[in-house]
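Visitor: I am new here. Please walk me through this structure, and tell me how each label is earned.

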2 protein chains.
Amino acid sequence: MTEEQLSSYHPTLPPTTEEDRFSWLRLLRSRKVGPATFRRLLREHGSAQNALAALPEMARAAGIEGYEICPPGVIEAELKAARAANARLLCLGSADFPNQLSDLSDAPPMLWAIGDVSILRKPSIAMVGARNCSSLGARMARGLATDLGKQGFVVVSGLARGIDTSAHLAALSTGTVAVMAGGVDVIYPAENTDLARDIAQSGLRLSEQPMGINPQARHFPRRNRIISGLAQAVVVVEAAAKSGSLITARDALDQGREVLAVPGHPFDARAAGCNLLIRDGATLVRSADDVVEALPQQPADLLDTTEPVEPSKPALSGAALHREILSRLGPSPIAEDQLIRDIAATAGDVGPALVDLELDGQIQRQPGGLLSLTA
Amino acid sequence: MTEEQLSSYHPTLPPTTEEDRFSWLRLLRSRKVGPATFRRLLREHGSAQNALAALPEMARAAGIEGYEICPPGVIEAELKAARAANARLLCLGSADFPNQLSDLSDAPPMLWAIGDVSILRKPSIAMVGARNCSSLGARMARGLATDLGKQGFVVVSGLARGIDTSAHLAALSTGTVAVMAGGVDVIYPAENTDLARDIAQSGLRLSEQPMGINPQARHFPRRNRIISGLAQAVVVVEAAAKSGSLITARDALDQGREVLAVPGHPFDARAAGCNLLIRDGATLVRSADDVVEALPQQPADLLDTTEPVEPSKPALSGAALHREILSRLGPSPIAEDQLIRDIAATAGDVGPALVDLELDGQIQRQPGGLLSLTA
């Protein structure tokens with residue numbers, strides 16, 4: 001048996017002292033140490049402290065000039081920021097580290113957590129999808145998240161605009177986990193500041209990034225492996241072709257997770273990614289029941305029937321309202337009153353805007369008070 | 001080997017004389033004689049005439065009082081109506097009877113046909129769906145039928161409102177078959193009178209029912225087995241749960257046909273049937289390419305290469321000839337002389353056209369005089 005093979009059967013022993021945790025964080029924050037290297041170093045050197053001592057010489061041997069391990073002041077600052085944000089460090093191998101994640105070859109060695117870590121023990125479903133989702137997509141995300149919550153599932157998502165936001169909001173009362181791309185204390189996008197605060201109060205925010213780090217493009221795919229890694233299944237609610245959600249779905253398949261997708265009409269570009277996934281073998285989702293049915297294991301009776309909280313938004317008007325209406329309509333017709341609820345505006349405001357758009361030929365009215373984009 | 005087993009290996013011999021055809025029709029129109037009984041009687045008694053002679057005694061033995069075979073006047077009237085409608089009788093086992101249908105255990109022994117029976121030799125796709133389809137569904141049907149037509153497929157449907165109408169209209173110029181629930185001369189719904197006339201002119205209308213019969217509810221499922229039976233694949237474009245299209249789809253599966261469905265958003269009730277089919281294993285369709293890709297055989301292989309009965313069709317030339325050649329070729333090579341017979345043109349016309357297309361890089365010559373489309 002080779003060392004590599006051995007390693008996968010050798011559980012990482014978590015840090016037991018404050019000093020040990022400090023060294024873990026310092027090793028992880030040192031240059032060129034990713035999750036896999038971290039585990040290898042720990043295995044080869046027995047402890048983070050030993051690994052830190054050996055790192056400069058290893059770097060020199062590998063031809064890296066002037067390598068320095070992470071200065072202790074950086075770690076002190078991170079721990080201070082974590083205390084201020086009331087964040088807690090979850091370490092791979094500890095009892096509070098999410099079980100599902102430990103199985104991944106690139107599991108994050110440490111995660112910052114703000115909120116109720118106990119919900120990591122519940123069965124969970126990841127929901128991902130387009131930031132610029134349609135009104136139909138947002139409604140679908142809300143419906144699925146509400147019903148999955150009622151059936152005892154925690155909803156995991158990424159706190160982004162669109163589908164993520166709808167899913168988190170609908171699952172606030174039943175349990176939701178937001179995995180952040182930047183630091184666990186850095187809310188992005190800013191419009192989700194209230195939502196992020198609510199999630200920290202009733203659910204959980206998680207991040208593998210250092211405290212205070214602004215999310216950058218490269219953080220998002222790394223973050224997405226944690227979203228799917230935490231869950232039993234990943235539901236793609238609305239996704240265009242070549243979207244980030246599609247990449248998450250493929251990663252989820254690599255992780256051995258169930259991948260499911262909500263279909264849409266082929267003329268709706270926002271459904272192209274989901275339809276592609278279904279053609280490739282993802283399970284077609286019409287309802288939460290379809291999700292539960294697709295799981296290899298059924299959940300325990302974790303029923304919670306409290307109603308989700310509907311958020312309020314500032315009222316829109318003029319061109320902003322027109323844009324908002326157009327962004328929420330697609331080729332599939334939806335009801336006018338549903339649209340009004342989705343925009344969180346009054347019928348008195350939306351009505352005239354609809355007439356404008358209809359006269360302008362941008363939208364169409366159909367029998368039964370239904371509206372759609374003009375083809 | 002039992003008689004039943006033998007029967008499946010025993011081809012039905014078609015009628016060869018006018019008198020024989022008369023007896024076939026008379027046997028088929030006699031009470032309690034369906035497609036399966038018709039075949040059994042023919043097999044057991046050697047000819048329709050013998051079967052007719054034996055029927056009353058068989059009925060008596062089975063406890064049916066006062067059984068009478070169909071009076072000759074009824075058949076004379078049907079034949080007269082057929083002459084008036086310019087309808088032609090296709091008999092199971094004849095060269096002009098559609099090959100695909102012959103394979104069915106409940107294949108209709110006879111079909112009335114108005115139009116160009118030669119298109120029954122082309123590969124064909126059935127398109128079915130809701131009568132009260134959405135405009136999105138109608139557009140999808142038009143797009144699919146147009147593109148399938150361009151790729152050399154005949155579009156088979158049922159002349160109903162909605163999806164059927166859209167599919168027929170879009171495929172008028174490339175070839176379409178309407179299978180009627182009532183008599184081939186009875187247009188239902190009346191609003192499709194012009195369409196039915198156009199189909200008879202450029203395509204084909206078919207029915208197993210007697211001339212002049214108004215369609216009744218029980219005729220539709222019987223008719224649907226012919227729609228799916230004629231085609232290599234059945235595409236369900238838009239269908240609610242518990243709809244007739246769904247029944248057609250299940251029958252098609254029983255017939256060993258590919259079943260495909262166009263997805264829609266779960267909130268759209270008109271997509272519920274299609275989404276259900278996809279969950280149950282139907283192939284998700286976004287475009288004509290998805291349909292062609294799902295076929296077990298590619299178009300060129302599907303061409304019926306038996307000798308055409310009718311020397312038919314005016315000679316093609318120029319661009320029309322080029323198009324015709326390209327529509328008949330696929331990636332799998334076929335023989336040049338077969339191609340010439342299929343097009344019903346002369347080698348003197350086809351030869352130069354092939355050289356043009358070959359120089360143009362559109363087709364390839366292979367050893368043994370075989371031709372294929374350039375990959």
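Guide: Let us start with a word we need at once: contact means heavy atoms within 4.5 Å. Keep in mind that this is a predicted model.

Visitor: What do the buried residues of helix 12 of chain B pack against?

Guide: Parts of both chains. From chain A come helix 12 (272-279) and strand 9 (283-284). From chain B come strand 7 (233-236), helix 11 (244-254), strand 8 (258-261) and strand 9 (283-284).

Visitor: Which residues of helix 12 of chain B are the buried ones?

Guide: The helix covers residues 272-279, and its buried residues are G273(B), C274(B), N275(B), L277(B) and I278(B). Just after helix 12 of chain B, G281(B) takes a positive phi of about 115 degrees.

Visitor: How much area do chain A and chain B bury between them?

Guide: About 2,200 Å², with 65% of it on carbon and sulfur atoms. The contact takes 23 residues from chain A and 20 residues from chain B. In chain A, the residues that lose the most area to chain B are F267(A), R279(A) and R286(A), together 30% of what that side buries.

Visitor: What makes R279(A) and E293(B) a salt bridge?

Guide: The cut-off is 4 Å between a side-chain nitrogen of Lys or Arg and a carboxyl oxygen of Asp or Glu. The closest N and O atoms of R279(A) and E293(B) are 3.1 Å apart. That earns the label of salt bridge. The count between chain A and chain B is four.

Visitor: How many disulfides are there over all chains?

Guide: Zero. A disulfide needs two cysteine sulfur atoms within 2.5 Å. For C91(A), the nearest cysteine sulfur is that of C70(A), 15 Å away, and C91(A) is in no disulfide. For C70(B), the nearest is that of C91(B), 15 Å away, and C70(B) is in no disulfide either.

Visitor: Why is C91(A) called buried?

Guide: Buried means under 20% relative accessible area. C91(A) has 1%, so the word applies. C70(B) has 7%, so C70(B) is buried too.

Visitor: Why is the pair of W24(A) and F38(A) called edge-to-face?

Guide: Two tests apply. Ring centres must lie within 6.5 Å, and planes over 60 degrees apart count as edge-to-face. W24(A) and F38(A) are 5.0 Å centre to centre, with 70 degrees between the planes. The pair passes both tests. W24(A) is in helix 2 (residues 18-29) and F38(A) in helix 3 (residues 35-45) of chain A, 14 residues apart. W24(A) is buried, at 2%. F38(A) is buried, at 0%.

Visitor: What makes Y188(A) and F220(A) edge-to-face?

Guide: Their ring centres are 6.4 Å apart and their planes stand at 65 degrees, so that pair is edge-to-face as well. Y188(A) lies in the loop between strand 5 (176-179) and helix 9 (193-202) of chain A, while F220(A) is in helix 10 (residues 219-230), so the pair ties together parts 32 residues apart in sequence. Y188(A) is partly exposed, at 43%. F220(A) is buried, at 18%. Over all chains, the structure holds four aromatic pairs.

Visitor: What sits over the ring of F220(B)?

Guide: The charged end of R131(B), 5.5 Å from the ring centre.

Visitor: Where is there a cis peptide bond?

Guide: One runs from Y188(A) to P189(A), with omega near -5 degrees. P189(A) is in the loop between strand 5 and helix 9 of chain A. In chain B, the bond from Y188(B) to P189(B) is cis, with omega near -5 degrees.

Visitor: Why point out a cis bond or a positive phi?

Guide: Because most residues other than glycine have a negative phi, and most peptide bonds are trans. Now take K32(A): its phi is near 65 degrees, a positive value in a residue other than glycine. K32(A) is in the loop between helix 2 and helix 3 of chain A. K242(A) has a positive phi of about 60 degrees and is not a glycine. K242(A) is found in the loop between strand 7 (233-236) and helix 11 (244-254) of chain A.

Visitor: How do you know that K242(A) is exposed?

Guide: Exposed means over 50%. K242(A) has a relative accessible area of 83%, so the label holds. K32(A) has 58%, so K32(A) is exposed as well.

Technical notes. Residues numbered from 1 in each chain as written. Chains lettered and ligands numbered in written order. Predicted model: local features only at pLDDT ≥ 70, side-chain atom pairs only at ≥ 80, totals over all residues. Heavy atoms only, no water. Buried < 20%, exposed > 50% of the residue type's maximum accessible area, 1.4 Å probe, protein only. Helix = DSSP H or I, 4+ residues; strand = E, 2+ residues; numbered from the N terminus. Phe/Tyr/Trp six-rings, centres within 6.5 Å; stacked < 30°, edge-to-face > 60°. Lys NZ or Arg CZ within 6 Å of the ring centre and 35° of its normal. Buried area = accessible area lost by both parts, 1.4 Å probe.
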